[in-house]
Amino acid sequence: MMSSATAIGNWKHTVLYLTLILSLLYFIESLILHKLHINRNNVRLKRSPNLPLRFRDDGTFKILQVADMHFGMGSITRCRDVLDSEFEYCSDLNTTRFLRRMIEAERPDLIAFTGDNIFGSSTTDAAESLLQAIGPAIEYGIPWAAILGNHDQESTLNRGELMTFLSLMDFSVSQINPPVEDGTKGGTVRSIDGFGNYQLRVHGAPGSVLSNSTVFDLFFLDSGDREIVQGRRTYGWIKESQLRWLQDTSKHDHNQRISGNPPALAFFHIPIPEVRDLWYTPFIGQFQEGVACSVVQSGVLQTFVSMGNVKAAFIGHDHVNDFCGNLKGVWFCYGGGFGYHAYGRPNWHRRARVIEAKLGKGRDTWTGIELIKTWKRLDDQDLSKIDEQVLWETSDTILKG
């Protein structure tokens with residue numbers, strides 16, 4: 001039979017053991033588990049822009065294209081291909097400064113970030129780099145849309161995660177992918193290749209007869225990153241499912257609108273193979289490097305032509321190309337390298353492209369779009385404006401009719 005002293009000793013050990021367990025649980029609760037609790041004071045909803053997007057009172061709508069920022073980790077990320085005299089003090093912050101200068105100078109209604117927004121291999125935190133890269137757009141409260149290039153996913157987030165994050169950032173109008181019903185399969189929802197295929201509609205000016213109508217369509221497409229085709233490594237391309245979505249969207253919009261489809265623009269990162277043919281045509285701007293694209297010709301140009309309302313496509317990827325050329329009635333325009341951590345040329349200024357659409361004027365109200373033009377600005381002392389050109393105007397339609 002257990003002695004009284006032994007029983008008391010075991011009881012003390014039990015109490016000490018339980019005390020130790022409770023202390024350990026309290027330690028875990030206080031140092032770890034509280035981080036999982038929702039702190040209602042820190043919950044903040046996404047700040048959304050005023051929607052729908054619409055033309056200004058003066059009948060204009062301006063888009064700033066930012067191509068190939070290649071943002072890394074801010075002040076510790078060095079510049080590439082700048083003058084020796086500039087290298088010592090040049091970093092990602094130069095890219096940020098350029099974006100702020102462009103916003104101040106042009107006051108865009110929408111900023112289009114057309115891929116390689118971050119340079120994945122130069123950052124240890126993709127989300128933090130995106131927050132810094134896109135930061136100026138958020139600071140100024142400007143609606144912005146983004147698509148992915150071939151380098152964005154090389155860090156801590158995959159392409160799906162990147163587009164989800166981009167869509168949730170303040171003032172973003174980016175979307176992951178639209179749900180698409182397949183009429184041939186009893187209304188089932190089919191998927192679209194890639195991440196970041198979406199349409200933005202722009203309404204007419206406030207108070208005009210078209211203030212509640214779409215007068216401008218903007219299509220954003222994911223051109224992928226890298227793929228293997230018949231054992232050969234190549235760049236990505238816009239797939240059949242994406243083109244089918246474009247055509248279906250165009251047909252649906254046409255059927256819903258008495259006056260037909262309004263003018264449209266497209267934005268994607270990797271150029272299509274036909275852009276190489278522009279070398280043999282008149283073009284505006286500089287064609288300074290080979291067109292880096294997929295070996296696959298997927299029918300993008302034919303799709304744009306068949307839609308009838310796509311007036312221009314804006315691309316990036318090849319940083320020291322900044323030209324516009326016309327293929328079968330559709331302009332293809334490079335943005336030109338924007339970022340200082342992206343490759344470039346020491347004596348070639350970083351640059352940005354601006355697109356402006358103007359409404360026609362009726363007797364007492366703004367009507368539909370009558371003119372779309374573009375120009376570029378250089379990151380020099382004066383933000384020099386170069387290569388202004390008209391991409392489309394209503395008289396083009398009249399003359400061709």
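What percentage of the 401 residues of the protein chain count as buried? In this predicted model, the share is 53%.

## Overall composition

The protein chain contains 8 helices and 18 strands. Its accessible surface amounts to about 19600 Å², and carbon and sulfur atoms account for 54% of that area. Contacts between residues at least 6 apart in sequence were also sorted by separation: 68% of them join residues at least 24 apart.

## Disulfides

A search of the whole structure returns 2 disulfides. When the bonded cysteines of the protein chain are numbered in sequence order, the pairing reads 1-2, 3-4.

One disulfide connects C79 and C90, with an S to S distance of 1.9 Å. The pair links distant parts of the chain, 11 residues apart: C79 sits in the loop between β2 (60–66) and α2 (84–87), and C90 in the loop between α2 and α3 (92–106). The angle about the S-S bond is -80°, and the link of C79 and C90 is left-handed. C79 has a relative accessibility of 5% and therefore counts as buried, the cut-off being under 20%. C90 is also buried, at 1% relative accessibility.

The other bond found joins C324 to C333, with an S to S distance of 2.0 Å. Here the angle about the S-S bond is 120°, and the link is right-handed. C324 is buried at 0% relative accessibility, and C333 is buried with a relative accessible area of 0%.

A further cysteine, C293, counts as buried at 7% relative accessibility.

## Strand β8 and its partners

Why is strand β8 (residues 214–220) described as largely enclosed by the rest of the structure? The description applies because 7 of the 7 residues of β8 are buried.

β8 pairs with strand β7 (residues 198–203) in the antiparallel sense, through 6 bridges. Within this pairing, F220 of β8 stands opposite Y198. β8 also pairs with strand β11 (residues 264–267), in this case in the parallel sense and over 4 bridges. F220 takes part here too, with F267 as its bridge partner in β11. F220 thus has a partner in Y198 and another in F267.

## Salt bridges

The whole structure holds 17 salt bridges according to the search. Three of them are listed below with the closest N and O distance of each pair.

| Acidic residue | Basic residue | Closest N and O atoms |
|---|---|---|
| E104 | R107 | 2.8 Å |
| D322 | K376 | 3.6 Å |
| E388 | K373 | 3.2 Å |

The salt bridge of D322 with K376 ties together parts that are 54 residues apart in sequence, because D322 lies in the loop between β13 (310–315) and β14 (324–327) while K376 belongs to strand β17 (residues 366–378). Are the two residues of this pair buried or exposed? D322 counts as buried at 0% relative accessibility, and K376 counts as buried at 0% as well. D322 and K376 also belong to a network of salt bridges that includes R351 and D387.

E388 forms a salt bridge with K373. This pair links distant parts of the chain, with E388 in strand β18 (residues 385–393) and K373 in strand β17, 15 residues apart. E388 is partly exposed, with a relative accessible area of 44%, whereas K373 is buried, with a relative accessible area of 14%.

In the salt bridge of E104 with R107, E104 is partly exposed, with a relative accessible area of 41%. R107 likewise counts as partly exposed, at 45% relative accessibility.

## A nonpolar surface patch

Which residues form a nonpolar patch on the surface? The patch is made of Y17, L18 and I21, which together have about 310 Å² of accessible area. L18 lies in helix α1 (residues 4–31). L18 is partly exposed, with a relative accessible area of 47%.

Notes. Residues numbered from 1 in each chain as written. Predicted model: local features only at pLDDT ≥ 70, side-chain atom pairs only at ≥ 80, totals over all residues. Heavy atoms only, no water. Patch = residues over 30% accessible without salt bridge, like charges linked within 9 Å, V, L, I, M, F, W, Y side chains within 5 Å. Areas by Shrake-Rupley, 256 points an atom, 1.4 Å probe, with all protein chains shown as cover. Salt bridge = Lys/Arg side-chain N within 4 Å of Asp/Glu carboxyl O. Helix = DSSP H or I, 4+ residues; strand = E, 2+ residues; numbered from the N terminus. Buried < 20%, exposed > 50% of the residue type's maximum accessible area, 1.4 Å probe, protein only. Disulfide = S-S within 2.5 Å. Pairing = 2+ DSSP bridges. Contact = heavy atoms within 4.5 Å.
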